[in-house]
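Here's a quick tour of one structure, taken a few spots at a time. Have the sequence and the 3D view open as you read.

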Amino acid sequence: MPSICFLVSTRGDAHNDNHRRLPAAFAARGWQVAVADHNDVRLQAGEIRIATRSTDAFDLIWILGLGERASFLDRMQLLNTVSPLKFVVSPGALLQLHAKYMLPMGPLAEHHPETHAGCNPELLKSIVAGGGTWIAKPAAGSFGRDVYRLTGDDPNLDVILESLTGHDRSRYCVVQRYVEAVEDGEKRLLVAAGRVITSYLRLPQRDHRANLAADATAEPTALSPAEAELGSRCARWLADQGAGFAAVDMAHPWIVEFNIANPGGLQTVERLTGQDHTGAVVDAIVAGLAARNQ
(Lines give C-alpha, C1' and ligand atoms only; values in the text may rest on other atoms or scores of the structure.)
Protein backbone atom coordinates (compact mmCIF):
# COMPACT_ATOMS: atom_id res chain seq x y z
CA MET A 1 0.00 0.00 0.00
CA PRO A 2 1.53 3.37 -1.00
CA SER A 3 1.87 5.96 1.76
CA ILE A 4 1.85 9.73 2.06
CA CYS A 5 2.57 12.07 4.96
CA PHE A 6 0.99 15.52 5.14
CA LEU A 7 2.85 18.15 7.13
CA VAL A 8 0.28 20.67 8.39
CA SER A 9 -0.20 23.28 11.08
CA THR A 10 -2.10 21.58 13.88
CA ARG A 11 -2.46 24.80 15.89
CA GLY A 12 -4.46 27.87 14.92
CA ASP A 13 -7.20 28.39 12.35
CA ALA A 14 -6.79 27.00 8.83
CA HIS A 15 -7.42 29.30 5.87
CA ASN A 16 -8.86 26.48 3.73
CA ASP A 17 -9.79 22.82 4.11
CA ASN A 18 -6.94 21.28 2.09
CA HIS A 19 -5.64 19.59 5.26
CA ARG A 20 -8.86 17.56 5.37
CA ARG A 21 -9.90 17.05 1.75
CA LEU A 22 -6.51 16.07 0.32
CA PRO A 23 -5.73 13.33 2.90
CA ALA A 24 -9.28 12.01 2.51
CA ALA A 25 -8.90 11.80 -1.26
CA PHE A 26 -5.65 9.84 -0.96
CA ALA A 27 -7.23 7.50 1.62
CA ALA A 28 -10.19 6.91 -0.74
CA ARG A 29 -7.70 5.73 -3.36
CA GLY A 30 -6.19 3.15 -1.04
CA TRP A 31 -3.21 5.12 0.23
CA GLN A 32 -1.98 4.91 3.79
CA VAL A 33 -2.19 8.49 5.09
CA ALA A 34 -0.29 10.08 7.97
CA VAL A 35 -0.73 13.66 9.16
CA ALA A 36 1.92 15.39 11.28
CA ASP A 37 2.73 18.89 12.46
CA HIS A 38 5.42 20.88 10.64
CA ASN A 39 7.51 20.91 13.81
CA ASP A 40 7.50 17.11 13.98
CA VAL A 41 10.36 17.17 11.45
CA ARG A 42 13.59 16.25 13.21
CA LEU A 43 17.12 14.94 12.79
CA GLN A 44 17.72 11.76 14.77
CA ALA A 45 21.02 9.89 14.66
CA GLY A 46 21.78 10.96 11.12
CA GLU A 47 18.24 10.31 9.80
CA ILE A 48 15.46 12.76 8.95
CA ARG A 49 12.29 11.69 10.73
CA ILE A 50 8.73 12.94 10.90
CA ALA A 51 7.60 12.25 14.45
CA THR A 52 8.59 8.59 14.99
CA ARG A 53 8.92 7.56 11.34
CA SER A 54 11.72 7.90 8.84
CA THR A 55 11.00 9.85 5.70
CA ASP A 56 11.96 6.64 3.88
CA ALA A 57 8.68 5.15 5.14
CA PHE A 58 6.66 7.40 2.83
CA ASP A 59 6.24 7.35 -0.94
CA LEU A 60 5.22 11.01 -0.88
CA ILE A 61 5.45 13.92 1.53
CA TRP A 62 3.18 16.93 1.11
CA ILE A 63 4.15 20.12 2.95
CA LEU A 64 0.88 22.08 3.31
CA GLY A 65 1.67 25.65 4.29
CA LEU A 66 4.83 27.10 5.74
CA GLY A 67 4.37 26.39 9.44
CA GLU A 68 5.85 28.62 12.11
CA ARG A 69 8.14 31.35 10.82
CA ALA A 70 10.77 30.80 13.54
CA SER A 71 11.40 27.16 12.57
CA PHE A 72 10.83 27.42 8.81
CA LEU A 73 14.45 27.66 7.69
CA ASP A 74 15.55 24.80 9.97
CA ARG A 75 12.79 22.52 8.69
CA MET A 76 13.50 23.33 5.06
CA GLN A 77 17.22 22.70 5.54
CA LEU A 78 16.49 19.32 7.13
CA LEU A 79 13.94 18.29 4.51
CA ASN A 80 16.16 19.52 1.71
CA THR A 81 18.48 16.58 2.45
CA VAL A 82 15.67 14.24 1.34
CA SER A 83 15.24 13.55 -2.39
CA PRO A 84 13.08 16.31 -3.94
CA LEU A 85 11.21 13.59 -5.86
CA LYS A 86 9.70 12.53 -2.53
CA PHE A 87 7.72 15.78 -2.25
CA VAL A 88 4.58 17.09 -3.91
CA VAL A 89 6.03 20.57 -3.33
CA SER A 90 9.75 20.36 -2.59
CA PRO A 91 11.52 22.35 0.14
CA GLY A 92 13.57 24.00 -2.60
CA ALA A 93 10.41 25.16 -4.36
CA LEU A 94 9.04 26.60 -1.11
CA LEU A 95 12.29 28.47 -0.52
CA GLN A 96 12.57 29.80 -4.07
CA LEU A 97 9.01 30.31 -5.23
CA HIS A 98 7.08 31.48 -2.17
CA ALA A 99 8.81 34.84 -2.45
CA LYS A 100 7.96 36.87 -5.53
CA TYR A 101 11.33 36.90 -7.31
CA MET A 102 11.45 33.85 -9.59
CA LEU A 103 8.53 34.85 -11.80
CA PRO A 104 9.91 38.24 -12.99
CA MET A 105 13.32 36.66 -13.67
CA GLY A 106 12.29 33.36 -15.25
CA PRO A 107 11.07 32.26 -18.68
CA LEU A 108 7.58 33.64 -17.98
CA ALA A 109 8.86 37.14 -17.15
CA GLU A 110 7.31 38.67 -20.29
CA HIS A 111 3.90 37.95 -18.76
CA HIS A 112 4.72 39.58 -15.42
CA PRO A 113 4.53 43.32 -14.68
CA GLU A 114 7.74 45.31 -14.24
CA THR A 115 9.02 44.43 -10.77
CA HIS A 116 11.58 45.87 -8.35
CA ALA A 117 12.52 44.71 -4.86
CA GLY A 118 14.74 45.91 -2.05
CA CYS A 119 14.87 47.11 1.53
CA ASN A 120 15.83 50.75 0.83
CA PRO A 121 12.63 52.85 0.98
CA GLU A 122 14.24 55.87 -0.71
CA LEU A 123 15.24 53.78 -3.73
CA LEU A 124 11.78 52.25 -3.98
CA LYS A 125 10.22 55.69 -3.63
CA SER A 126 12.29 56.98 -6.56
CA ILE A 127 10.90 54.17 -8.73
CA VAL A 128 7.30 55.00 -7.85
CA ALA A 129 7.99 58.72 -8.27
CA GLY A 130 9.11 58.02 -11.84
CA GLY A 131 5.47 57.85 -12.87
CA GLY A 132 2.58 55.47 -13.22
CA THR A 133 0.63 53.42 -10.72
CA TRP A 134 2.35 50.76 -8.65
CA ILE A 135 1.60 47.97 -6.22
CA ALA A 136 3.80 47.67 -3.12
CA LYS A 137 3.71 44.49 -1.05
CA PRO A 138 5.85 42.18 1.09
CA ALA A 139 8.15 39.85 -0.82
CA ALA A 140 6.64 36.73 0.74
CA GLY A 141 3.18 37.89 1.81
CA SER A 142 -0.18 36.24 1.25
CA PHE A 143 -3.94 36.73 1.66
CA GLY A 144 -3.69 40.31 0.37
CA ARG A 145 -2.05 41.55 3.58
CA ASP A 146 -0.12 44.83 3.34
CA VAL A 147 -0.72 45.27 -0.39
CA TYR A 148 -0.91 48.95 -1.38
CA ARG A 149 -1.70 50.78 -4.61
CA LEU A 150 0.60 53.79 -4.94
CA THR A 151 1.48 56.74 -7.13
CA GLY A 152 4.30 59.23 -6.75
CA ASP A 153 2.02 61.90 -5.28
CA ASP A 154 0.46 59.64 -2.65
CA PRO A 155 0.74 61.52 0.68
CA ASN A 156 1.34 58.20 2.46
CA LEU A 157 4.08 57.00 0.12
CA ASP A 158 6.92 57.46 2.62
CA VAL A 159 5.19 55.85 5.57
CA ILE A 160 3.95 52.88 3.51
CA LEU A 161 7.38 52.06 2.10
CA GLU A 162 9.04 52.62 5.49
CA SER A 163 6.50 50.31 7.10
CA LEU A 164 6.99 47.58 4.47
CA THR A 165 10.79 47.69 4.74
CA GLY A 166 10.81 47.92 8.56
CA HIS A 167 12.12 50.54 10.94
CA ASP A 168 15.60 49.03 10.58
CA ARG A 169 15.32 48.38 6.83
CA SER A 170 15.54 44.64 7.44
CA ARG A 171 12.59 43.55 5.30
CA TYR A 172 12.38 43.32 1.53
CA CYS A 173 9.50 44.97 -0.30
CA VAL A 174 8.30 44.42 -3.86
CA VAL A 175 7.20 47.32 -6.04
CA GLN A 176 5.35 46.26 -9.19
CA ARG A 177 3.63 48.16 -11.98
CA TYR A 178 -0.14 48.10 -11.54
CA VAL A 179 -1.99 46.00 -14.11
CA GLU A 180 -5.31 47.59 -15.05
CA ALA A 181 -6.63 44.26 -16.32
CA VAL A 182 -6.92 43.17 -12.68
CA GLU A 183 -9.86 45.57 -12.29
CA ASP A 184 -11.91 43.11 -14.37
CA GLY A 185 -10.86 40.30 -12.05
CA GLU A 186 -8.16 37.67 -11.75
CA LYS A 187 -8.61 34.08 -12.79
CA ARG A 188 -7.18 31.61 -10.30
CA LEU A 189 -6.01 28.41 -11.98
CA LEU A 190 -5.31 25.39 -9.83
CA VAL A 191 -2.58 23.27 -11.38
CA ALA A 192 -1.23 19.84 -10.41
CA ALA A 193 1.70 17.83 -11.82
CA GLY A 194 1.99 20.10 -14.85
CA ARG A 195 -1.76 20.19 -15.69
CA VAL A 196 -4.49 22.78 -15.26
CA ILE A 197 -7.20 21.20 -13.11
CA THR A 198 -9.83 23.92 -12.63
CA SER A 199 -10.28 27.69 -12.33
CA TYR A 200 -12.53 30.44 -11.06
CA LEU A 201 -12.77 34.22 -11.29
CA ARG A 202 -11.92 36.53 -8.38
CA LEU A 203 -13.42 40.03 -8.51
CA PRO A 204 -12.13 42.91 -6.34
CA GLN A 205 -14.79 44.66 -4.27
CA ARG A 206 -13.54 46.97 -1.51
CA ASP A 207 -10.29 47.98 -3.21
CA HIS A 208 -7.66 46.81 -5.73
CA ARG A 209 -7.13 43.38 -4.12
CA ALA A 210 -8.65 40.25 -5.69
CA ASN A 211 -7.97 38.08 -2.63
CA LEU A 212 -11.04 36.40 -1.15
CA ALA A 213 -9.50 37.09 2.27
CA ALA A 214 -9.75 40.80 1.37
CA ASP A 215 -13.51 40.50 0.61
CA ALA A 216 -13.23 39.89 -3.13
CA THR A 217 -15.99 37.75 -4.62
CA ALA A 218 -15.70 34.57 -6.68
CA GLU A 219 -17.58 33.41 -9.77
CA PRO A 220 -17.40 30.36 -12.03
CA THR A 221 -15.38 30.93 -15.17
CA ALA A 222 -14.11 29.29 -18.33
CA LEU A 223 -10.65 29.77 -19.76
CA SER A 224 -10.09 31.16 -23.22
CA PRO A 225 -7.72 29.16 -25.45
CA ALA A 226 -4.99 31.75 -24.80
CA GLU A 227 -5.52 31.57 -21.03
CA ALA A 228 -5.51 27.78 -21.10
CA GLU A 229 -2.26 27.73 -23.12
CA LEU A 230 -0.52 30.15 -20.76
CA GLY A 231 -1.86 28.25 -17.75
CA SER A 232 -0.42 25.02 -19.13
CA ARG A 233 2.95 26.69 -19.63
CA CYS A 234 2.87 27.86 -16.02
CA ALA A 235 1.84 24.41 -14.78
CA ARG A 236 4.68 22.68 -16.60
CA TRP A 237 7.26 25.23 -15.44
CA LEU A 238 6.08 25.00 -11.83
CA ALA A 239 6.25 21.20 -11.93
CA ASP A 240 9.81 21.42 -13.29
CA GLN A 241 10.69 23.66 -10.32
CA GLY A 242 9.33 21.12 -7.84
CA ALA A 243 5.88 22.63 -7.29
CA GLY A 244 3.47 19.79 -8.03
CA PHE A 245 0.44 21.70 -6.76
CA ALA A 246 -0.02 25.44 -7.11
CA ALA A 247 -2.35 28.29 -7.92
CA VAL A 248 -1.68 30.66 -10.81
CA ASP A 249 -3.36 34.06 -10.56
CA MET A 250 -3.81 35.49 -14.03
CA ALA A 251 -5.27 38.59 -15.67
CA HIS A 252 -4.35 37.61 -19.21
CA PRO A 253 -1.85 38.24 -20.68
CA TRP A 254 -0.43 38.98 -17.23
CA ILE A 255 0.53 36.43 -14.59
CA VAL A 256 0.00 38.23 -11.30
CA GLU A 257 1.64 35.65 -9.03
CA PHE A 258 1.99 32.02 -8.02
CA ASN A 259 0.87 30.50 -4.72
CA ILE A 260 2.53 27.20 -3.87
CA ALA A 261 2.50 26.98 -0.06
CA ASN A 262 -1.12 25.88 0.41
CA PRO A 263 -3.25 27.44 -2.33
CA GLY A 264 -6.95 27.75 -1.72
CA GLY A 265 -9.50 27.17 -4.44
CA LEU A 266 -10.77 23.60 -4.28
CA GLN A 267 -13.28 24.52 -1.61
CA THR A 268 -14.28 27.66 -3.54
CA VAL A 269 -14.83 25.85 -6.84
CA GLU A 270 -16.95 23.21 -5.12
CA ARG A 271 -19.06 25.95 -3.52
CA LEU A 272 -19.49 27.74 -6.86
CA THR A 273 -20.13 24.74 -9.12
CA GLY A 274 -20.94 21.76 -6.93
CA GLN A 275 -17.93 19.94 -8.44
CA ASP A 276 -15.14 18.58 -6.24
CA HIS A 277 -11.85 18.54 -8.17
CA THR A 278 -9.78 17.17 -5.28
CA GLY A 279 -9.74 13.71 -6.85
CA ALA A 280 -8.44 15.13 -10.12
CA VAL A 281 -5.59 16.83 -8.24
CA VAL A 282 -4.69 13.59 -6.45
CA ASP A 283 -4.93 11.53 -9.65
CA ALA A 284 -2.59 13.95 -11.46
CA ILE A 285 -0.05 13.81 -8.64
CA VAL A 286 -0.20 10.00 -8.40
CA ALA A 287 0.24 9.74 -12.18
CA GLY A 288 3.21 12.07 -11.96
CA LEU A 289 4.76 9.89 -9.24
CA ALA A 290 4.26 6.77 -11.37
CA ALA A 291 5.91 8.47 -14.36
CA ARG A 292 8.93 9.46 -12.24
CA ASN A 293 9.32 5.93 -10.94
CA GLN A 294 9.31 4.28 -14.37
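## Space inside

Searching the whole structure turns up 2 cavities of 30 Å³ or more. Keep in mind that this is a predicted model. The second largest cavity holds about 100 Å³ of space. It has 14 lining residues, and those closest to its centre are Ala99, Lys100, Leu103, Glu257 and Phe258.

Which elements give two or more residues to that lining? They are helix 4 (102–105) and strand 15 (254–259). By residue type, the lining of the second largest cavity splits into 8 nonpolar, 3 polar and 3 charged.

## Around Ala140

Ala140 sits in the loop that runs between strand 8 (134–138) and strand 9 (148–150). Leaving out residues up to four places away in sequence, Ala140 touches His98 and Ala99. That second partner should ring a bell: Ala99 is also among the residues closest to the centre of the second largest cavity.

Ala140 counts as partly exposed because its relative accessibility is 40%, and partly exposed covers the range between 20% and 50%. Then there's Asn259: the two are 119 residues apart in sequence, yet their C-alpha atoms are 10 Å apart in space.

## Arg21 and its partners

Over in helix 1 (residues 18–28) you'll find Arg21. Is Arg21 buried or exposed? Its relative accessible area is 12%, so Arg21 is buried, the cut-off being under 20%.

The side chain of Arg21 makes a polar contact of 2.8 Å with the side chain of Asp17. Setting aside neighbours within four places in sequence, Arg21 is also in contact with Leu266, Gln267, Glu270, Asp276 and Thr278.

## Backbone oddities

Now for the backbone. His252 and Pro253 are joined by a cis peptide bond, with omega at about 10 degrees. Pro253 lies in the loop between strand 14 (245–251) and strand 15, and strand 15 is one of the elements that line the second largest cavity.

Two alanines are worth a look too. Ala51 has a positive phi, near 55 degrees, despite being a residue other than glycine. Its place is the loop between strand 4 (47–50) and strand 5 (53–54), and at 25% relative accessibility Ala51 is partly exposed.

Ala193 isn't a glycine either, and its phi is positive at about 50 degrees. You'll find Ala193 in the loop between strand 11 (186–192) and strand 12 (195–203). With a relative accessible area of 32%, Ala193 is partly exposed.

Conventions
Residues are numbered from 1 along each chain as its sequence is written. This is a predicted model: local features need pLDDT of at least 70, side-chain atom pairs count only at pLDDT 80 or more; totals for chains, interfaces and linings use all residues. Side-chain values use heavy atoms; hydrogens and water are left out. Helices (H or I, at least four residues) and strands (E, at least two) are DSSP runs, numbered from the N terminus. Buried means under 20% relative accessible area, exposed over 50%, partly exposed in between (1.4 Å probe, protein chains only). A polar contact is a pair of N or O atoms within 3.5 Å; within protein, one must be able to donate a hydrogen and the other to accept it, and residues adjacent in sequence count only if both atoms are side-chain atoms. Contact means heavy atoms within 4.5 Å. On a 1 Å grid over the protein atoms alone, a cavity is a set of points where a 1.4 Å probe fits but cannot get out, and a pocket is an open set with protein on both sides within 12 Å along at least five of seven lines; lining residues have an atom within 4 Å of a point. Grid points are joined across faces, edges and corners, and a volume is the space filled by probe spheres set on the points. Ala, Val, Leu, Ile, Met, Phe, Trp, Tyr, Cys and Pro count as nonpolar, Asp, Glu, Lys and Arg as charged, and the others, Gly among them, as polar.
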